[in-house]
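Biologist: I am new to this structure and would love a close look at one part of it. Could you walk me through the open sheet and what surrounds it?

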Amino acid sequence: MIEIRNLLLVLAGVSVFCLIYTNIVLYRKAPDPIESQISVFENPEKSRIIAFGDLHGDYSALRTILKFTAWDPKDILVQTGDTIGKGDDTKKILNFFIEHKGKNIIHIMGNHEHMNLNENYQFVTDADINSFGGEENRKNLFQKDQIYGIYLSSLKICEKIGDVIFVHGGISKAIAEQYGSFEKIQNGLIEDPANNKDLAGNNGPMWYREYAKGPENKICGDLERTLDILGAEFMVMGHTTFKKITSKCNNKAIFIDTGNSRAVRGVRSALEIQQIKGETVSIRAVYDDSTEVIYQSN
């Protein structure tokens, strides 16, 4: 009996050690919230950018997109938010981005990431909750001092690579004029997450839909003014689902949420952008069986 009890104590000790070691390793892989404020993409010499929209808890969609775009780790990979909600694979998707953390991997904060950070589980499935070991475990792991909370809290609400801005919903003219620069918008939510209702609200970058929903005779002037303030030529957005990758305003506004997730039952797609010294020379919509040129410089 004594030998069995000693064996059980040893096994319990090993289990605790493994748990502690695993969390240490995962914490090291999580982005530093301070480092994440620094934009690493100013003027890349030559870049191939692969961007794709809402995954909504579908890990197979992520793998499929990486395959049909022939993603190479040297490429810049941009996901424009809403990896969470509606589907069951949040944990697998977040683990992918944590494990592949690096300057060539950009995961932008969407409204669903933000909702989950604030314990709003309106669109979270039971299977997704169970994958974390239950609701209490999931809530704990999403706290801002725990692995997934640390990671999600570090996400920026927009990124600029060369002359292209990537954002989940859209950056309105009002927000651009209020903040006055891309950098102030990018860092605003990280610097003041509790009180920044402008950036986190319905007209903030995670929720704004006017470019997607509004007529071109109304939105294009606002978009042009916004891009001028932010020092960009194009804005790439997710959030609002289209049947295919869609552009407006002479291809200045590009919408890449095509319902990648099986929970949405749309079309899996990605955007391929080629840049030289920060200037976009071509933009193509890429699907599993076809491509479409959206923009080509002269």
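Modeller: Happy to! One term before we begin: two residues are in contact when they have heavy atoms within 4.5 Å. Please also keep in mind that this is a predicted model.

With that rule, Met 235 is a good place to start. Leaving out residues up to four places away in sequence, Met 235 touches Ile 165, Val 167, Gly 170, Ile 171, Tyr 211, Leu 223, Thr 226, Leu 227, Lys 252, Ala 253 and Ile 254. Met 235 is also, together with Ile 171 and Ile 185, one of the residues with the most contacts inside the largest nonpolar core, which has 62 residues. Helix 12 gives the most to this core, with six residues. Apart from it lies another core, of 20 residues, including Ala 51, Val 78, Val 236 and Ile 254. As background, nonpolar side chains in soluble globular proteins tend to be buried together.

Now to the sheet itself. Five strands make up this open sheet, in the order 4-5-6-8-7, and their pairing is mixed. At the edges are strand 4 (158-161) and strand 7 (246-248), each of which pairs on one side only. On average, neighbouring strands of the sheet are turned by 20° against each other, direction ignored. If you would like one pairing to follow by eye, try strand 7 and strand 8 (residues 253-255): they run antiparallel and are joined by three bridges. Within that pair, Ser 247 stands opposite Ile 254 of strand 8.

Two helices are worth finding next. Helix 9 (residues 182-191) packs on the sheet, where it touches strand 4 and strand 5 (164-167), and its direction makes about 145° with that of strand 4. Helix 12 (residues 216-230) lies across strand 4, strand 5, strand 6 (234-237), strand 7 and strand 8, and runs at about 110° to strand 6.

From here we can move to some other strands by way of Thr 280, a residue of strand 10 (residues 279-287). Since its relative accessibility is 1%, and buried means under 20%, Thr 280 counts as buried. Neighbours within four places in sequence aside, Thr 280 is in contact with Asp 163, Val 164, Phe 234, Ile 273, Gln 274, Gln 275, Tyr 295 and Ser 297. Val 164 belongs to strand 5, and Phe 234 to strand 6, which brings us back to the sheet. The side chain of Thr 280 also makes polar contacts: one of 2.5 Å with the side chain of Asp 163, and one of 3.1 Å with the side chain of Gln 275.

Strand 10 has pairings of its own. Eight bridges join strand 10 to strand 9 (residues 269-276), and the two run antiparallel. Here Gln 274 stands opposite Ser 282 of strand 10. Strand 9 and strand 10 form a hairpin with two residues between the strands, and in this hairpin Lys 277 takes a positive phi near 50°. Five bridges join strand 10 to strand 11, again in an antiparallel arrangement. Ile 283 has Tyr 295 in strand 11 as its bridge partner. Strand 10 and strand 11 also form a hairpin, with three residues between them.

Strand 11 then leads us to a charged pair. Glu 292 and Lys 244 meet through their side chains in a salt bridge (2.9 Å, N to O). The pair links distant parts of the chain: Glu 292 sits in strand 11 (residues 291-296) and Lys 244 in the loop between strand 6 and strand 7, 48 residues apart. Glu 292 counts as partly exposed because its relative accessibility is 31%; Lys 244 is partly exposed too, with a relative accessible area of 38%. Elsewhere, salt bridges that share partners join Arg 48, Asp 75, Glu 272 and Arg 284 into one network. The model's salt bridges come to 14 by this count.

For a last stop, look at another of these pairs, Arg 138 and Asp 128, whose closest N and O atoms are 2.8 Å apart. Arg 138 is in helix 6 (residues 135-141) and Asp 128 in helix 5 (residues 126-131), 10 residues apart. Both Arg 138 and Asp 128 are buried.

Methods
Residues numbered from 1 in each chain as written. Predicted model: local features only at pLDDT ≥ 70, side-chain atom pairs only at ≥ 80, totals over all residues. Heavy atoms only, no water. Pairing = 2+ DSSP bridges. Helix = DSSP H or I, 4+ residues; strand = E, 2+ residues; numbered from the N terminus. Axes fitted to C-alpha atoms, helices over the stretch in contact; angles between N-to-C directions. Buried < 20%, exposed > 50% of the residue type's maximum accessible area, 1.4 Å probe, protein only. Polar contact = N/O pair within 3.5 Å; in protein donor to acceptor, adjacent residues only side chain to side chain. Salt bridge = Lys/Arg side-chain N within 4 Å of Asp/Glu carboxyl O. Core = buried A, V, L, I, M, F, W, Y, C linked by side-chain atoms within 4.5 Å.
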